[in-house]
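Biologist: I'd like to go through this one with you and ask where the labels come from. Can you put it up on the screen?

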Amino acid sequence: MSMVFETVSVFPGVFDAYLGASIMGRAQKAGIATFAHHDLRDWTHDRHRTVDDAPFGGGQGMLMKPAPIFEAVEDVVASRPEKARVMFFSPVGEPYTQRCAERLAEEERLVFVCGRYEGMDERCYSLADDVFSLGDYVLTGGELAALVVIDSVVRLLPGALGDSMSAVDESFSPSGLLEYAQYTRPASFRGMDVPEVLLSGDHAKVDAWRRKNAIVRTAEWRPDLLASAELDDGERAFADGLLNKEGGCSL
Ligand code: SAH
């Protein structure tokens, strides 16, 4: 059954180029994912198709007003039989992670409501099952956020990547570590050599090197992830040793 992804925004035309290409386009053709994009202005009732208004209490910029968003979400949700999970975006939201993507990939249907301008009337968020933040920075609109979430969920759907193993052994999943370093030919390039063990053909040694490298890289780039990573006792001691070196990670 195809998972359904729908967006509600004032720029419904921005999605097709990205979602039509590569893995997303193939998932759509293969019937793994279905995409539909709705124009929020279709739920306005004035000649100018107005979706924004000035904030109470003053201040700069405009806010998206509640009526078009409420009507759009209600109509879109009711327009198909599948149960919809409704998603909003804001810097004031739950940080979006691979765990969120894994959880969302279990749903039948996701509806993304994309903000613009200075954001939305706070009452709009009462429609949300989730409010996600992509990170600690401010975008001009929620469309990119919706594309990021759609991309990260579609690639988890069975068959989307072709090789079903390729979504299993990656950064964050399943161990909570960053991915190990990878190399392709040539073995020596501009004075930089691929680690010897990767050329050895010894799969057990390669696996051990990759696991250790993942721990080392996580300690170096994202020490915050190590606390919740799934490590055995020996690995935990190794990781603690990396973190406890004076001046933080010394790698
Ligand atoms: N005034 C708001 C920002 C509004 S930006 C504030 O300071 O919190 C306009 C829209 O862009 C938002 O409604 C949201 O849909 C999107 N957006 C901006 N930054 C985002 C982020 N970090 N994560 C997810 N969506 C974001």
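Modeller: Sure. One definition to start: angles here run from 0 to 180 degrees between N-to-C directions, using axes fitted to C-alpha atoms. And keep in mind that this is a predicted model.

Biologist: Then what makes α5 antiparallel or parallel to β1, at about 175 degrees?

Modeller: On a scale that ends at 180 degrees between N-to-C directions, α5 runs at about 175 degrees to β1, so the two point in nearly opposite directions. Helix α5 lies across β1, β2, β5 (85-95) and β6.

Biologist: How do you know that β1 pairs with β2?

Modeller: The cut-off is at least two bridges, and β1 and β2 (residues 33-39) have 7, in the parallel sense. For example, Thr7 has His37 as its bridge partner in β2.

Biologist: And what joins β1 to β6?

Modeller: 5 bridges, again with a parallel run, to β6 (residues 109-113). Against a threshold of at least two, that counts as pairing too. In β6, Arg109 is the bridge partner of Val4, and Val8 stands opposite Val113.

Biologist: Why are β2 and β7 called edge strands?

Modeller: The open sheet has 5 strands in the order β2-β1-β6-β5-β7, with parallel pairing. β2 and β7 (130-133) each have a single partner strand, so one side of each is left without a neighbour in the sheet. On average, neighbouring strands are turned by 30 degrees against each other, direction ignored.

Biologist: Why is β1 described as largely enclosed?

Modeller: Buried means under 20% relative accessible area. In β1 (residues 3-9), 7 of the 7 residues are buried, so the strand is largely enclosed by the rest of the structure. Met3, Phe5, Thr7 and Ser9 point one way, while Val4, Glu6 and Val8 point the other way, and all are buried.

Biologist: Ser173 sits in a loop, between α5 (143-154) and β8 (188-189). Why does Ser173 count as buried?

Modeller: Its relative accessibility is 9%, and the limit is under 20%, so Ser173 is buried. Leaving out residues up to four places away in sequence, Ser173 touches Gln98, Glu102, Ala167 and Val168.

Biologist: Last one: how is the contact of α6 with α8 made up by class?

Modeller: Helices α6 (residues 203-221) and α8 (residues 233-244) pack at about 35 degrees, with axes 10 Å apart. Arg211, Lys212, Ile215, Val216 and Ala219 of α6 meet Glu235, Phe238, Ala239, Leu242 and Leu243 of α8. By class, that gives 7 nonpolar, no polar and 3 charged residues.

Terms used. Residues numbered from 1 in each chain as written. Predicted model: local features only at pLDDT ≥ 70, side-chain atom pairs only at ≥ 80, totals over all residues. Heavy atoms only, no water. Helix = DSSP H or I, 4+ residues; strand = E, 2+ residues; numbered from the N terminus. Buried < 20%, exposed > 50% of the residue type's maximum accessible area, 1.4 Å probe, protein only. Contact = heavy atoms within 4.5 Å. Nonpolar A, V, L, I, M, F, W, Y, C, P; charged D, E, K, R; others polar.
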